[in-house]
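Work through the exercises below with the model open. Try each task before reading its solution.

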Amino acid sequence: MRLESIIYTAAFLLSIISALAAHGTTSADVPTGKPSAVIDLTTSAGVELVKGQWLYSDVEITEVEFKGPGADGQPTGEAVKTYDYTPKAGGADYDDSKWDKIAPGTLNKRRSTGRICFNWYRIRVTIPESVDGYATAGSTVVFETAIDDYAEVWVNGELARHLGQEGGSVVAGWNAPNRLVIGRGVKTGDTIQIAVFGMNGPISNPPTNFIWMRDAKLEFYPGTESPVALKPSEVNVEVIRLDPAMDAIAGPNPKIFKLAEGFKFTEGPVWVKDGEYLLFSDPNSNIIYKYSKDGELTEFRKPSGYSGSDIGEYTQPGSNGLALDNEGRLTVDEHGNHRVSRIEKDGTVTVLAESFEGKRLNSPNDLVYKSDGSVYFTDPPFGLPMFENDPRKEIPWSGVYRISPDGEITLLNKDLKGPNGIAFSPDEKYLYVGNWDPENKVVMRYEAMEDGTLSDGERFFDMTGAPGEDAIDGIKVDSNGNLYVSGPGGLWVISSEGKHLGTIIAPQHIHNVAWGGEDGKTLFLCAQSGLYMMRLGIQGAKAHYN
């Protein structure tokens with residue numbers, strides 16, 4: 001990445017953050033007043049109520065290789081030695097099974113090695129149905145702890161911080177408590193992983209004592225099930241670099257910012273350049289949300305995919321994939337309605353496809369437009385309550401279809417058990433389709449023929465043997481033809497030659513992405529219950545940013 005590009009990217013990023021910061025709250029903005037209920041996590045009764053277990057580990061300081069500051073101010077200079085630590089135990093799925101189990105009553109025991117030292121406390125809490133007669137459903141949950149002397153708090157694998165933040169997930173002050181929101185609109189049985197990183201201090205005058213926990217509790221306040229926009233807060237990100245090309249894509253100092261949270265699930269993002277806002281689906285809530293360039297979050301369309309009387313049987317009744325046609329009209333994959341529809345400029349809805357050979361489609365999942373005006377979409381059964389075995393399923397296969405500009409629907413293939421993400425190469429020579437199948441995690445590549453049909457597919461990339469339970473979800477392509485595939489463990493970046501360049505790992509698993517912003521280099525990430533953004537050194541392909 002060239003120096004001027006890095007400087008421009010940094011300045012552009014700051015301008016975005018400043019604009020977005022006009023709206024939103026943060027996890028450090030906790031409710032005030034007396035909570036409706038409290039659970040003391042320093043007692044056995046409290047820990048049993050949340051079905052938890054405190055676990056503990058010391059931290060070891062290690063010497064590592066790094067790079068000093070280059071002319072760009074980034075870690076691009078000469079090789080240097082610096083220090084890191086182990087274990088990196090903030091992640092939600094970190095394996096702490098061999099850690100010491102400690103009784104709640106011993107949290108005040110002096111631990112670690114004294115002088116300059118650090119440690120970890122971890123506990124997974126399950127939201128109980130009630131606390132002292134208070135029904136917890138829908139509550140906002142606050143975690144408060146006080147570590148002698150400092151602490152940082154990770155929640156579900158995420159360490160969030162925003163400019164100027166004091167307290168919350170980061171250090172508040174000398175022996176000051178950390179107090180932050182760890183759940184909004186919670187449900188009975190929700191689990192929340194908390195990891196507390198303890199520090200002995202003051203660090204510049206290493207004390208002759210040790211680390212211990214003074215306090216730990218959960219507070220429940222009346223809340224709302226609606227998601228909230230956040231002041232853009234930087235969160236932890238890991239970029240695995242397997243090829244030098246990844247440096248130009250992610251830059252030497254990659255950053256991810258959290259924009260909103262509290263969704264049931266996020267999917268199908270699309271950037272609307274005329275208006276400068278992002279639209280994305282929450283298929284579980286049956287809502288399409290709008291996130292504006294100034295950080296405002298609003299409902300754009302509800303219901304987004306279904307309103308039938310049996311909607312209670314559905315997990316994901318709402319819309320999933322979204323796309324814009326050449327006239328800027330929004331096209332929607334509607335799970336519960338088994339159809340692909342287009343929202344006209346006057347708000348009326350035109351159904352583009354709802355059946356094939358007289359049988360209802362399964363649950364259209366993702367879609368992409370070709371420049372000739374035809375739309376290609378995938379149709380697995382994942383939006384149906386019982387998936388493959390759902391009695392509402394009329395078509396025996398999961399297909400990839402094309403809707404021609406004049407409305408003709410063509411079945412292109414039925415090769416895959418779970419066709420999901422779909423994207424064209426920048427020159428539209430190839431169509432890529434991902435397969436959501438735990439036993440066959442492949443990205444297929446088809447040659448796109450002039451008559452709209454596809455060639456026989458080839459296995460472009462196979463992730464079946466990769467560690468991680470996630471299958472393949474959304475796919476997008478950048479202007480150089482690299483693929484961004486939601487796969488096991490993160491967002492895989494794969495060259496057009498089929499080489500794995502690297503993987504972007506966010507705090508929550510990324511299921512789909514969209515390029516947007518003024519220059520088309522901002523990647524918006526739909527990751528489970530959160531919405532995030534990341535600046536890249538490359539634009540999306542025209543089909544994904546037009």
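Two strands pair if DSSP finds at least two bridges between them. Strands (E, at least two residues) and helices (H or I, at least four) are DSSP runs, numbered from the N terminus. The model is predicted: local features need pLDDT of at least 70, side-chain atom pairs count only at pLDDT 80 or more, and totals for chains, interfaces and linings use all residues. Residues are numbered from 1 along each chain as its sequence is written, and side-chain values use heavy atoms, with hydrogens and water left out.

**Exercise 1. Find the residue opposite Phe424, then place the pair in its sheet.**

Step 1. Phe424 stands opposite Leu431 in strand 32.
Step 2. Strand 32 covers residues 430-435 and pairs with strand 31 in the antiparallel sense, over 4 bridges.
Step 3. The two belong to an open sheet of 4 strands, ordered 31-32-33-34, with antiparallel pairing.
Step 4. Strand 31 (419-424) and strand 34 (458-462) are the edges; each has a single partner strand, so one side of each lacks a neighbour in the sheet.
Step 5. Neighbouring strands here are turned by 25 degrees against each other on average, direction ignored. Axes for such angles are lines fitted to C-alpha atoms (for helices over the stretch in contact), and angles run from 0 to 180 degrees between N-to-C directions.

**Exercise 2. Trace the sheet with the order 17-18-19-20.**

Step 1. This open sheet has 4 strands and antiparallel pairing.
Step 2. Strand 17 and strand 20 are the edge strands, each pairing on one side only.
Step 3. The average turn between neighbouring strands is 30 degrees, direction ignored.
Step 4. Strand 18 and strand 19 run antiparallel, joined by 6 bridges. Asp282 stands opposite Ile287 in strand 19.
Step 5. Strand 19 (residues 287-292) and strand 20 (residues 297-301) are joined by 4 bridges, again antiparallel. Tyr289 stands opposite Glu299 in strand 20.
Step 6. Strand 19 and strand 20 form a hairpin with 4 residues between them. Gly295, in the turn, has a positive phi of about 85 degrees.

**Exercise 3. Is Lys273 buried, exposed or partly exposed?**

Step 1. Locate Lys273 in the loop between strand 17 (267-272) and strand 18 (277-282).
Step 2. Apply the cut-offs: buried is under 20% relative accessible area, exposed over 50%, partly exposed in between (1.4 Å probe, protein chains only).
Step 3. Lys273 has 46% relative accessibility, so Lys273 counts as partly exposed.
Step 4. Look across the chain: Glu518 is 245 residues away in sequence, yet 8.1 Å away in space, C-alpha to C-alpha.

**Exercise 4. Which residues touch the most other members of the largest nonpolar core?**

Step 1. A nonpolar core is a set of buried Ala, Val, Leu, Ile, Met, Phe, Trp, Tyr and Cys residues joined through side-chain atoms within 4.5 Å.
Step 2. The largest has 32 residues; Trp54, Tyr121, Phe143, Ile182, Ile194 and Leu218 touch the most other members.
Step 3. Several strands each supply at least two residues, among them strand 6 (118-126), strand 9 (140-148) and strand 13 (212-221). Strand 13 gives the most, with 4 residues.
Step 4. Beyond its neighbours within four places in sequence, Ile182 is in contact (heavy atoms within 4.5 Å) with Val141, Phe143, Val155, Ile192, Ile194 and Leu218.
Step 5. A second, separate core of 23 residues includes Ala160, Ala250, Leu501 and Leu525.
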